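This report introduces a structure to a reader who has not met it before. It considers pairs of charged side chains and then the surroundings of one helix.

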Amino acid sequence: MDFLIATHNMKKRAELERILSPLGINVKTADELGIDLTDVEETGTTFEENAKLKADSGCKESGMPCIADDSGLMVDALDGAPGVYSARFAGDHGNDEKNNDKLLDCLKNVPDDKRTAKYVACVCCVFPDGREFTVRGECHGKIGYERKGTNGFGYDPLFYIDGRAFAEYTPEEKDKVSHRGNALRLFAEEVKKYI
């Protein structure tokens, strides 16, 4: 069964594909399907709201079941920031280097025991017949003092679990513990009720 994924991020697409393909779900981007999707303005105040905005729009415009996610980093010492603004924390949408620089700058005087954080991923699926569901996954860790590793994207070089940055994990290792992996395992269970 084909599902549209409302993202241009091919690394997110690859994560979805690895976890959903065993269920017989083929994830396709709008580009792969030759569809032009509206670039939805993320006006929600929660990850759930933004995921739903994107999934709703993609489903309406494609006529296909649409999966969309919204995810980000919540740092305890920053009262949950960058949160829903994770991709544009430093101003430019999707500029990982600037976002990581700003995060390090914001935490420069924060001691190790106060650098706790969590990654959050909310995945929403909307069907053409109006059915929909949303799941949420989290992954808890700490923000390091320097970037490590070359895998992943976003804040992965600074997000540490058990002394290793996410960017040092292989994709398969990351899938087992990540926020998106956790959300997609919940998604995989939930979607069985709909297909």
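In this predicted model, Lys-193 and Glu-190 are joined by a salt bridge, with 3.0 Å between the closest N and O atoms. Lys-193 is exposed, at 61% relative accessibility, whereas Glu-190 is partly exposed, with a relative accessible area of 22%.

**Salt bridges**

Side chains of opposite charge can pair when their charged atoms come close. How many salt bridges does the structure hold? The count is 23. Three of these pairs are described in this report, and the table lists them with their N to O distances.

| Pair | N to O distance |
|---|---|
| Lys-193 and Glu-190 | 3.0 Å |
| Glu-32 and Arg-13 | 3.1 Å |
| Glu-42 and Arg-88 | 3.7 Å |

The side chains of Glu-42 and Arg-88 meet at 3.7 Å, N to O. This pair links distant parts of the chain, 46 residues apart: Glu-42 belongs to the loop between α2 and α3 (47-62), and Arg-88 to the loop between β3 and α4 (96-106). Glu-42 counts as partly exposed, at 22% relative accessibility. Arg-88 is likewise partly exposed, its relative accessible area being 25%. Both residues also belong to a network of salt bridges, in which Glu-42, Lys-54, Asp-70 and Arg-88 are linked.

The salt bridge between Glu-32 and Arg-13 has an N to O distance of 3.1 Å. Because Glu-32 lies in helix α2 and Arg-13 in helix α1, the pair ties together parts that are 19 residues apart in sequence. Is each partner buried or exposed? Glu-32 is partly exposed, with a relative accessible area of 42%, while Arg-13 is buried, with a value of 9%.

**Helix α1 and its surroundings**

Arg-13 is one of the buried residues of helix α1, which spans residues 10-20. The others are Lys-12, Glu-15, Leu-16, Ile-19 and Leu-20. Why do these buried residues lie on the same side of α1? They cover an arc of only 160 degrees around the helix axis, and therefore share one side of α1.

Which elements cover these buried residues? Among the strands, the cover includes β1 (2-5), β2 (26-28) and β3 (66-75). Among the helices, it includes α2 (30-33), α5 (171-177) and α6 (179-191). Helix α2 thus appears in two roles: it is part of the cover over the buried residues of α1, and it holds Glu-32, the salt-bridge partner of Arg-13 in α1.

Key:
Residues numbered from 1 in each chain as written. Predicted model: local features only at pLDDT ≥ 70, side-chain atom pairs only at ≥ 80, totals over all residues. Heavy atoms only, no water. Buried < 20%, exposed > 50% of the residue type's maximum accessible area, 1.4 Å probe, protein only. Helix = DSSP H or I, 4+ residues; strand = E, 2+ residues; numbered from the N terminus. Arc of directions from axis to C-beta. Contact = heavy atoms within 4.5 Å. Salt bridge = Lys/Arg side-chain N within 4 Å of Asp/Glu carboxyl O.
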